[in-house]
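Reader: I've got a chain open and a few questions about it. Mind walking me through them?

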Amino acid sequence: MVNRMRRKLLCGLASVGAVSLIAAALPAQPVPARDLWDFPLGAVGEPAALATEAGVGLWNPAMLALPADRRWRAGVASLSTGADQGVEGQLVGMAWRRASGLTVGASVARAAVGGLVRTDTDPQSLGSIAYESLVASVSAAREVTPWLTVGAAARWRHGRAELETRSALAADLGLLARAAGWYDARLAIGTFLWRPGREAEDRPLVSMAADARVLGNASDAELRIGVAAQEVTRGQRTRATGELGPVLSGRFGPVEARAALPTIRTGGERLTRVRFSLGLHLSRFVVGIGREDANVGLGPLYQFTFSSFGK
């Protein structure tokens, strides 16, 4: 048993090392439209490090892993903001669990800003300005011990800001630790858009979350309380930005609700946001809606998710 666990762990570490070497070999150039990935696509209401609603492990590759009673899972997510911001995002992906216990997956995510117009000295529009980004991911995750799941992802990102376009590869890591006998406590850490050795140019994100069951004794009848945090490296000339706040989630039968109250820190400024989502579990389908309010006069952010799984 011990040798088998060691082999699983070594396989996971080998996969992580391979994707890291791929990303490190790329040129040190920033990709346009990086700020579009500051929006929590597929993770409104859920902590990014623990997000499973869309089922593709975008923010934490370890969350891709499927339990032994499921063979596959497919999911989509759509995000949009008010007209003042004009940001929209789409996510689609699928995961397969192999007989060995390894879960492999692929996903494509897109984020863009609409309504940007080009003008000269005259206020009249001279056409639209493209500002968008695309991320394609290939991921793998597996349970290496009964309490630890690890994951890795190789990503290709393309960004466009008007006439400027650029692409890059990234290598991301994630883990999920779970103590089932201690209030079913969970601790998750994941990276997003990490280019080893190029952190100053490309602002990787690190997300962390921990929660525990305080009421109930099953996944479909419980109340969980926890905390979530994120940190983004802003580069050599600007300060890091991050968020920290409590999270609350509960499920009673087919209905699941989540709420979060993160405080966003950007330089010396702080802003409290309110996020909440509602999910409905119907047989092999999960439908979710979510909303985020900035509380500073900005328009709200809305999200829709849909996923299905097979046994």
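Reader: Which strands each supply at least two residues of the nonpolar patch?

Author: Keep in mind that this is a predicted model. The patch covers about 880 Å² and includes L278, L280, F285, I289, F304 and F306. The strands that each give at least two of its residues are β14 (274-282), β15 (285-293) and β16 (301-310).

Reader: And which strand makes up the largest share of that patch?

Author: Among the patch members are L278, L280 and L282, and β14 spans 274-282. With three residues, the largest share comes from β14.

Reader: V255 is in the patch too. Is V255 buried, partly exposed or exposed?

Author: V255 sits in strand β11, which runs over residues 255-260. Buried would need under 20% relative accessible area, and exposed over 50%. V255 comes out at 39%, so it is partly exposed.

Reader: Now over to A210. Which residues does A210 touch, leaving out those up to four places away in sequence?

Author: A210 belongs to strand β8, residues 205-218. Its relative accessible area is 26%, so A210 counts as partly exposed. Leaving out those sequence neighbours, A210 touches R186, L187, G226 and V227.

Reader: What separates the C-alpha atoms of A210 and V227?

Author: Along the chain these two are 17 residues apart, and A210 does touch V227. Their C-alpha atoms are separated by 5.6 Å.

Reader: Zooming out, how much of the chain is buried?

Author: The chain has two helices and 16 strands. Its accessible surface comes to about 15,500 Å², with 61% belonging to carbon and sulfur atoms. Of the 311 residues, the buried ones make up 45%.

Note on methods:
Residues are numbered from 1 along each chain as its sequence is written. This is a predicted model: local features need pLDDT of at least 70, side-chain atom pairs count only at pLDDT 80 or more; totals for chains, interfaces and linings use all residues. Side-chain values use heavy atoms; hydrogens and water are left out. Helices (H or I, at least four residues) and strands (E, at least two) are DSSP runs, numbered from the N terminus. Buried means under 20% relative accessible area, exposed over 50%, partly exposed in between (1.4 Å probe, protein chains only). Accessible areas come from the Shrake-Rupley method with a 1.4 Å probe; for residues, only the protein chains shown count as cover. Contact means heavy atoms within 4.5 Å. Patches are made of residues with over 30% relative accessible area and no salt bridge: like charges are joined within 9 Å, nonpolar side chains (Val, Leu, Ile, Met, Phe, Trp, Tyr) within 5 Å. A salt bridge is a side-chain nitrogen of Lys or Arg within 4 Å of a carboxyl oxygen of Asp or Glu.
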